[in-house]
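Please open the model in your viewer and follow the stops below, selecting as you go.

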Amino acid sequence: MWPKTERQAALLALAQSLAPAFAERAAEHDRDGSFPFENFEGLRRSGYTAASVPAEYGGGGYGLDDVALAHLALAKGDGSTAIGLAMHLMLCGGEGQARAWPEAARARIFDEVVRDGALINNAAAEPELGSPQGGGRPQTTVTPEGPGRWRLSGHKTFTTLAPVLTYFVTYVAVEDGSGDTARLAAQRDLPGVRVEETWDALGMRASGSHDVHFDGVMVSDDDFLSRSGGGARREAGANAWFPILVGATSLGVAEAARDYAVRFARERQPLGDAAPLATIPHVREQIGRIDATVLAARALLLQTAEDWEQHPEERVRLGPQVAAAKRLATNSAVEVAETAMRIVGGVALHRSEPIERYFRDVRSGLVNPPIEARALETIARAALDGPE
């Protein structure tokens, strides 16, 4: 049973204390497509934004298993806030384990996260490239401008948390004749960094996943976090944080849809019938299906997060399980939200009710890496191409 430790219980309790206020504001932000600045101010004040920063850097030192459990609760309040926070927490947690950045850059950025509430996320996708997961060389470039100086130019899309990010961890092509690609930390207050508010989507409408333009931004050698030849490189040890927290976000939203449908079935009494919907066999069967689906998806997601955290020596072999856990969580979330809407009926279509937002928000997990085809290929590769 979860939580399994006092530390997990503490972080879960913090998430549960924040989620109700997020839920109260979610409908307005979803309707307007506005960003929930107040939610992130609350997360900063509570210390939650430093949860996955290692303790040696002054952070909470929480592992992926701790954060995934709490994230399920946080997402029940507001999916947009949860998916944005997931991006920040996965970068901090993943880098805390991978130690792929230069120590000076890691210490500086983590210190700002802990001390000032700085927020970070990747700026990787592009209008033509799409996600770097598909391969290809980015059109965003850095070109040399003298010793230790570089000019950053390009256009990124789907940059979640763009309204509040302190650092855009930007995937670039290094145009110095090397053919390298790199990731560098571009501060939002540098001249030439421009956020274009383009995000107007079906779901996660308050996630602030806008376009970012870098118009000749001057950066230095100190801003480089990684550099490699031959295209995109995934930092070792960072790959579970993103899919697990995306899965936790989707599943948490689905659990909110489940709770709505259960309350509705208990309380709804059709005219002329003294018995609530909860007494109808078909409704009971559908609620049973929902809970069976949620229980299975939660179990695999949390077990995978715990395996990742407790058995670091096995991480290189956990790829198929991570892919399966994310796939099951996101697909199950869609199934649960749709079944919940069927139970509720026409009321579920009203914009005044949160369930139609849940129905839209859970779909975002389907397009976050690894998408269905790549997840299944990861699983198949382990079965068919590895040792028997």
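Begin with the contacts that join distant parts of the sequence: in this predicted model, among the contacts of the protein chain with a separation of 6 or more, 74% are between residues 24 or more positions apart.

Next, display the whole protein chain as a cartoon, where ten helices and eight strands can be traced. Turned along its principal axes, the set of C-alpha atoms fills a box of roughly 80 × 55 × 40 Å. The radius of gyration of the protein chain is 21 Å, which agrees with the value near 21 Å that a compact globule would have with 388 residues.

Now switch to a surface, of which the protein chain exposes about 16,600 Å², with carbon and sulfur atoms supplying 52% of that area. If you then colour by charge, you will find 40 positive and 52 negative charges, and the mean positions of these two sets are 3 Å apart.

Hide the surface and turn to the interior, since buried residues make up 53% of the 388 residues in the protein chain. Which residues have the most contacts inside the largest nonpolar core? Select Tyr48 and Leu245, which hold that place in a core of 81 residues. Centre the view on Tyr48 and, leaving aside its neighbours within four places in sequence, show the residues in contact with Tyr48: Leu11, Leu14, Ala15, Leu18, Leu43, Ala70, His71, Leu74, Leu85 and Leu89. For the last stop, select Val283, Ala340, Tyr358 and Val362, which are among the 30 residues of a second, separate core.

Technical notes: Residues are numbered from 1 along each chain as its sequence is written. This is a predicted model: local features need pLDDT of at least 70, side-chain atom pairs count only at pLDDT 80 or more; totals for chains, interfaces and linings use all residues. Side-chain values use heavy atoms; hydrogens and water are left out. Helices (H or I, at least four residues) and strands (E, at least two) are DSSP runs, numbered from the N terminus. The radius of gyration is taken over C-alpha atoms; the globule rule is 2.2 Å times the number of residues to the power 0.38. Buried means under 20% relative accessible area, exposed over 50%, partly exposed in between (1.4 Å probe, protein chains only). Contact means heavy atoms within 4.5 Å. Accessible areas come from the Shrake-Rupley method with a 1.4 Å probe; for residues, only the protein chains shown count as cover. Lys and Arg count as positive and Asp and Glu as negative; His and the chain ends are not counted. The place of a charge is taken as NZ of Lys, CZ of Arg, CG of Asp or CD of Glu. A nonpolar core is a set of buried Ala, Val, Leu, Ile, Met, Phe, Trp, Tyr and Cys residues joined through side-chain atoms within 4.5 Å.
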